[in-house]
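User: Could you take one part of this model, its interior, and walk me through it closely? I would like one connected account, with the cut-offs spelled out as you go.

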Amino acid sequence: MKTVIQRVTEASVTIDGEIHGQIETGFMILVGIRDEDTEADVRKMADKISKLRIFEDDAGKMNLSLSQVNGAVLSISQFTLYADCKKGNRPSFDKAGKPEHAKKMYLYFNEYMRSLGFRVEEGIFGAEMKVRLLNDGPVTILLDTETL
């Protein structure tokens, strides 16, 4: 499982011309799933994200977690995180999870984040989405369960 976490002051996802989800302070998270990923991997990733201290404290240091700033999550499924560009110029997505499994794990990730006490807005798995965000910092963190 791979994620891209962006600290935002606002983010939204639009589907078919209508806003489907939006947040203010928090994380916009791109979520990529492989077939090998399990619920344990999802929990490990979510637990790590929930404890990341990448919001600034009163001294200007990145020292506060999402819960400490009462932040929310905008979660977007993103199979392209598993793009392989080694051969040629057209990416291969063979390492991305098959849709049935990936959707199940993506939805589980969102529910698990909610169980940790966070408000989670989400896109629609497999939909054509337009994502807008105002990256705060900018701060962008890449996480992979293979290296956590």
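Analyst: **A strand, two helices and the core**

L30 stands opposite I76 in β6. Happy to start from that pair and work outwards. This is a predicted model, so local features are used only at pLDDT of at least 70 and side-chain atom pairs only at pLDDT 80 or more, while totals for chains, interfaces and linings use all residues. Residues are numbered from 1 along each chain as its sequence is written, and side-chain values use heavy atoms, with hydrogens and water left out.

Let's take the strands first. Helices (H or I, at least four residues) and strands (E, at least two) are DSSP runs numbered from the N terminus. β3 and β6 pair in the parallel sense, over six bridges; strands count as paired if DSSP finds at least two bridges between them. Strand β1, residues 2–15, runs antiparallel to β3 and is joined to β3 by seven bridges. One of the bridge partners there is G26 of β3, which is matched with V8. β3 is mostly covered, since seven of its seven residues are buried; buried means under 20% relative accessible area, exposed over 50%, and partly exposed in between, with a 1.4 Å probe and protein chains only.

From here we can move into the core. The largest nonpolar core has 25 residues, and those with the most contacts inside it are I5, F27, I29, I49, F109 and M113. Such a core is a set of buried Ala, Val, Leu, Ile, Met, Phe, Trp, Tyr and Cys residues joined through side-chain atoms within 4.5 Å. At least two of its residues come from each of β3 (26–32), α1 (39–51), α2 (99–115) and β8 (130–144). The largest share, six residues, belongs to α2. For a single residue's view, I29 touches T3, V4, I5, I49, V73, L74, S75, I76 and F109, leaving out residues up to four places away in sequence; contact here means heavy atoms within 4.5 Å. A second, separate core has twelve residues, among them V4, M28, L74 and M129.

Now α2 itself. At 1.5 Å a residue its 17 residues should span 24 Å, and its end C-alpha atoms are 24 Å apart, which agrees; the expected span is 1.5 Å times one less than the number of residues. A102, M105, Y106, F109, N110, Y112 and M113 are the buried residues of α2. Seen down the axis, they fall within an arc of 165°, so they line one face of the helix; the arc is that of the directions from the helix axis to the C-beta atoms. On the face turned away from that buried side are the exposed residues E100, K104 and S115. The cover over the buried residues of α2 includes β3, α1, β6 (72–77) and β7. Just after the helix, G117 takes a positive phi of about 100°.

α1 makes a good companion to α2. This helix has 13 residues and reaches 18 Å from first C-alpha to last, close to the 18 Å expected at 1.5 Å a residue. Its buried residues include D41, V42, M45, A46, I49 and S50. They cover an arc of only 160° around the axis, which puts them on the same side of α1. Among the elements covering the buried residues of α1 are β1, β3, α2 and β8.

One charged side chain deserves a stop. E122 is in strand β7, residues 120–122, and counts as buried because its relative accessible area is 18%. Which side chains make polar contacts with E122? Its side chain makes one with the side chain of N110 at 3.1 Å, and another, of 2.9 Å, joins E122 to the side chain of R114. A polar contact is a pair of N or O atoms within 3.5 Å; within protein, one must be able to donate a hydrogen and the other to accept it, and residues adjacent in sequence count only if both atoms are side-chain atoms. Not counting residues up to four places away in sequence, E122 touches V13, H20, L74, S75, Y106, L107, N110 and R114.

Finally, a backbone detail to check in your viewer. Most peptide bonds are trans. G137 and P138 are joined by a cis peptide bond, with omega about 0°, and P138 is in strand β8.
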